[in-house]
Amino acid sequence: MFLNRRKTKQIMVGNLPIGGDAPISIQSMTNTDTKNIVATVKQIKRLEEAGCDLIRFAVNDLDDAAAIKEIKKRISIPTIADIQYNYKLAVESAKNGIDCVRINPGNIGEKWKVKEVVDICASNNIPIRIGVNSGSISKDILDKYKGVNENSIVESAFEEINVLESLNFTDIKVSLKASNVNLSLAAYRKFSEMSDYPLHIGITEAGPGLSGIIKSSVGIGILLEEGIGDTIRVSLTADPIEEVKAGKEILKSLGLLNKGIEIISCPTCARTKINLIELVEKAQEKLSTVDKNIKIALMGCPVNGPGEAKEADIGITGGNGVGLIFKNGVVIKKVSEENLLDELYKEIENMK
């Protein structure tokens, strides 16, 4: 954990602490129909296996809210109900055991409706996440700050916070997302200087595949390195599993997640005499379920490994039809290329 993390208030989402000195958590959102309990639970279990710490799902009607009770019985991670406009759905979600409610108080309606949500959340120790994004800012604030910018996003967040605080509710976390990386950075930086509420960080509508991962990694990574952020979501137009995988890699790259396999590999060049790209792809798939906290190096030639990869716990380096297996920079075995991965797996299985 880095030294300059901003100190935020700690809240509890179910049994998961968010903020303070708690580890930074990874979350995602289901894309199943929530009332389809079988499909929703199946997806959440896959997300749990991938390393998801808490899960959000859309609650669009009373049937979705009613499904929460059964979903909760079958999964292990805390849940967040994503509510838009209808306060009754937030109330019913709370009654059915949701662990957190995501709302934008400004689109719930009259204050008495917000109070209904606040009262049941307060009585059941359910925190509220205020979800502000660049597309949900009121016209008055947009006019005041001449459009969408960090000032209008942050004021919109405080407008929503003030509503909850006026009802004596402070069990709050906040997100201030935009699809533009620089705008998101500016908004989160400004807010973090003004408040100690825990922050959910991410780049909204980041996009598909590679471009979405890059935008999210840049935005989330910069904020985390600056000490900003308590829980993250990588928002991708993809299987939610990919969001969790990307989130884990972001945390690992900054030294904020020290569990699970970490693979390092060289980019290949003319010195590479084995099919390293295929080998790495197979290794990623095979090792994704290994429950060990180790760093594995997959290198294409003796120049890159074990020398440059000596910090790895174990690794391989390729030659012309053969490969070397090394541990902590010391070669322990020479094997044929076709047996290289199998021998590596055996060595990993024997590691504690």
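**Group meeting talk: two sheets, two cores**

Okay, let's start with an odd bit: strand E11, helix H10 (residues 276-287) and strand E12 form a β-α-β unit, and that unit is left-handed. Keep in mind as I go that this is a predicted model.

So what does E11 pair with? Strand E11, residues 262-265, runs parallel to E12, and four bridges join the two. If you want a spot to click on, Ile-264 stands opposite Ala-297 in E12. On we go to the next neighbour: E12 also pairs with strand E13 (residues 314-318), again in the parallel sense and over four bridges. Here Leu-298 faces Ile-316 in E13, and Met-299 is opposite Thr-317 in E13.

Now, is E12 mostly enclosed or not? Strand E12 covers residues 295-299, and four of those five residues are buried, so the rest of the structure largely encloses it.

Zooming out a little, these strands belong to an open sheet of five, in the order E11-E12-E13-E14-E15, with mixed pairing. Which strands are at the edges? E11 and E15 are, and each has a single partner strand, so one side of each has no neighbour in the sheet. From one strand to the next, the twist averages 20°. There's a helix sitting on this sheet too: H12, residues 340-349, packs on it and touches E12, E13, E14 and E15. The direction of H12 makes about 15° with that of E14.

Just a reminder from the lectures: strands in a sheet pair through backbone hydrogen bonds, and they can do that parallel or antiparallel.

Right, the other sheet. This one is open as well and has eight strands, in the order E8-E7-E6-E5-E4-E3-E10-E9, with parallel pairing. Its edge strands are E8 (172-177) and E9 (200-201), and each of them pairs on one side only. Helix H7, residues 181-194, packs on this sheet and touches both E8 and E9. Its direction makes about 150° with that of E8. Next to E8 in the order, strand E7 (residues 128-133) pairs with E8 in the parallel sense over six bridges. Within that pair, look for Val-132, which stands opposite Leu-176 in E8.

Leu-176 is a nice one to remember, and here's where it comes back. The largest nonpolar core has 75 residues, and the ones touching the most other members are Val-174, Leu-176, Phe-191 and Leu-224. There is another core, apart from that one, with 27 residues, including Leu-279, Leu-298, Met-299 and Ile-314. You've already met Leu-298, opposite Ile-316 in E13. As background, in soluble globular proteins nonpolar side chains tend to be buried together.

Let's do a few single residues. Where is Leu-257? It's in the loop between helix H9 (240-253) and E11. Is Leu-257 buried or exposed? Its relative accessibility is 15%, and the cut-off for buried is under 20%, so Leu-257 counts as buried. Leaving out residues up to four places away in sequence, Leu-257 touches Lys-248, Leu-251 and Lys-252. Also, Leu-257 and Ile-26 are 231 residues apart in sequence, but their C-alpha atoms are 10 Å apart in space.

Two loop residues are worth a look for their backbone. Most residues other than glycine have a negative phi. Lys-146, though, has a positive phi, near 55°. You'll find Lys-146 in the loop between helix H5 (139-144) and helix H6 (150-166), and it's exposed, at 76% relative accessible area. Asn-328 has a positive phi too, near 50°. Asn-328 is in the loop between strand E14 (322-327) and strand E15 (330-336), and it's exposed at 54%.

What about disulfides? A search of the whole structure finds zero. Take Cys-121: the nearest cysteine sulfur belongs to Cys-100 and is 8.0 Å away. For a disulfide the two sulfurs would have to be within 2.5 Å, so that pair doesn't qualify. Cys-121 is buried, at 0% relative accessibility, while Cys-269 is partly exposed, at 38%.

Last bit, the big picture. The protein has twelve helices and 15 strands, and 51% of its 352 residues count as buried. Its C-alpha atoms fill a box of roughly 75 × 45 × 30 Å along the principal axes. That's me done, thanks!

How values were computed. Residues are numbered from 1 along each chain as its sequence is written. This is a predicted model: local features need pLDDT of at least 70, side-chain atom pairs count only at pLDDT 80 or more; totals for chains, interfaces and linings use all residues. Side-chain values use heavy atoms; hydrogens and water are left out. Two strands pair if DSSP finds at least two bridges between them. Contact means heavy atoms within 4.5 Å. Axes are lines fitted to C-alpha atoms, for helices over the stretch in contact, and angles run from 0 to 180 degrees between N-to-C directions. Buried means under 20% relative accessible area, exposed over 50%, partly exposed in between (1.4 Å probe, protein chains only). A nonpolar core is a set of buried Ala, Val, Leu, Ile, Met, Phe, Trp, Tyr and Cys residues joined through side-chain atoms within 4.5 Å. A crossover is right-handed if, with the strands pointing away from the viewer, the path from the first strand over the helix to the second runs clockwise.
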